[in-house]
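Biologist: Please take a close look at a single part of this structure, the surroundings of one residue in a strand. Please also state how far the coordinates there may be trusted.

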Amino acid sequence: MLVERPHAPHSVELVDIWSRSARLKWLAPNNGNSPILSYTVEYWSNPGGHWNVTVANPSTSCILRGLKPFTVYYFHVWASNNVGNGDASPQGQFSTAKEEPTAAPVDIKVDDIGSTFVRISWKPPPQEDWNGDLSGFYVGYRQSSSSLPFTFNTAEVDETNSYFYVLRGLRRSTRYSVNVRAFNEVGSGPPCEEITFKTNNHEPLPQPILLVQDIGSTYIQINWSMLDEMKATASGYIIHYRKSGSKWHEISIPDAHQNVYTLTNLDSGVPYQVYITSHGHAGVSEPSEIATVRTSPEAIFQAPAPTSQAHAPMVDDVTQILYIVVPVAVATVIIVIVIVAACVYVYSKRPVMPISPVYGDLPASKNFHYMATAPRQRDIPITICGGNAIKYGSPYSTVPLTRPEQEEDEPIYESVVGDTLRKIKARNFEDDFKVGTATVV
């Protein structure tokens with residue numbers, strides 16, 4: 001009898017997967033004419049390492065423990081007997097389930113403190129502690145002297161590794177405590193260490209109102225305004241802007257009367273974030289609302305950025321407008337020409353009805369024959385001699401007339417005048433009466 005190493009296990013499959021463990025099972029292979037002593041499960045992650053789990057025969061399942069959440073692992077299984085280790089099964093893979101983050105945000109800072117607001121910045125926890133894709137951050141705050149729980153605000157995730165949030169509506173000259181924690185779709189992680197600060201006791205500076213006035217492929221023009229009675233408290237402004245995925249840049253405006261500025265040398269077709277703050281003897285004002293603006297795509301003919309800071313065009317690049325207007329106008333003209341040409345062609349090909357005499361509404365009978373008569377608007381005087389004169393009605397009336405060749409047909413109606421003349425011709429009036437001269441006018 002030939003004794004050899006066992007074959008590879010087959011039907012290897014995952015039964016259960018959790019965030020930090022997984023269960024495997026398989027079917028025993030051909031033992032090579034020697035009893036199987038054990039099975040070995042090898043699994044690994046990149047990056048990470050390799051691990052082995054040995055299972056004694058006859059068990060054909062095992063649980064892999066000590067895994068990391070939201071991590072991809074690879075594995076295979078082989079059997080061993082007295083001859084040696086058999087071939088490994090085909091490689092498989094799986095991903096562990098998600099968990100809430102296991103680390104807190106880092107580098108928490110209080111950047112700007114005003115009378116009624118504070119600007120807090122931080123960095124996310126290390127990525128290996130996310131345990132899933134981050135959905136955002138909770139920024140909690142409360143008065144340091146209060147026993148009430150923290151009030152949390154939500155800050156969304158963006159494409160950068162630096163985040164900030166502005167807490168507004170705070171009390172003047174009051175000490176607060178803040179903390180930040182990350183969260184994903186499973187839950188929130190641990191909070192960072194509390195940071196305390198105290199708001200200023202000065203009269204708060206006015207918050208500028210930011211507007212985007214013009215957008216080009218390489219520039220963005222903004223303007224801002226404040227209440228007239230609050231302008232005297234500001235000595236200048238700071239414009240904050242950044243490209244998506246980059247750090248914030250600041251531009252100082254020392255003139256308190258200036259209210260227009262153009263950001264130049266920007267990348268085309270890229271979103272930018274912009275906000276502005278005012279500053280004075282009382283510190284820094286609350287930031288304006290953040291405007292997210294995408295520059296126009298690159299044009300063949302670049303329109304220069306506005307040079308005047310006081311007046312700026314309210315339209316986009318002229319070339320971009322022409323790219324849309326000219327094709328639409330040409331297409332409209334072509335459509336109109338095609339419609340007119342089609343109408344002329346159809347009109348020229350229409351059938352022409354032949355001109356025929358109109359006799360009025362005649363009955364559609366094969367036995368009715370139209371006979372032209374004397375004009376009806378003129379009277380025809382007739383003089384009849386003799387005592388046996390036939391008396392007829394008005395010369396406008398008609399009488400039935402039946403001719404020998406049409407005895408079976410319907411009578412033909414003629415005028416009284418025509419019928420009377422025919423009868424006078426047919427009769428011999430010498431014995432009865434003499435016919436005078438009949439004059440037809």
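Modeller: The protein has an average pLDDT of 79, and 71% of the residues score at least 70; pLDDT is the predictor's confidence in each residue, from 0 to 100. This is a predicted model, in which local features need pLDDT of at least 70 and side-chain atom pairs count only at pLDDT 80 or more, while totals for chains, interfaces and linings use all residues. Residues are numbered from 1 along each chain as its sequence is written, and side-chain values use heavy atoms, with hydrogens and water left out. Over residues 358-410 the pLDDT is below 50. Where pLDDT is low, the predicted coordinates should not be read in detail.

The part chosen here is isoleucine 108, which lies in strand S8 (residues 106-113); strands (E, at least two residues) are DSSP runs, numbered from the N terminus. Isoleucine 108 counts as buried because its relative accessibility is 19%, where buried means under 20% relative accessible area (1.4 Å probe, protein chains only). Leaving aside residues up to four places away in sequence, isoleucine 108 touches Ile120, Ser121, Trp122, Val180, Cys192 and Ile195, a contact being heavy atoms within 4.5 Å. One of these partners, cysteine 192, is 84 residues apart from isoleucine 108 along the chain, and their C-alpha atoms are separated by 8.0 Å.

For reference, serine 45 in strand S3 (residues 38-45) also counts as buried, at 5% relative accessibility. Serine 45 touches Trp51, Thr71, Val72 and Tyr73, again not counting residues up to four places away in sequence.

Technical notes. Helix = DSSP H or I, 4+ residues; strand = E, 2+ residues; numbered from the N terminus. Buried < 20%, exposed > 50% of the residue type's maximum accessible area, 1.4 Å probe, protein only.
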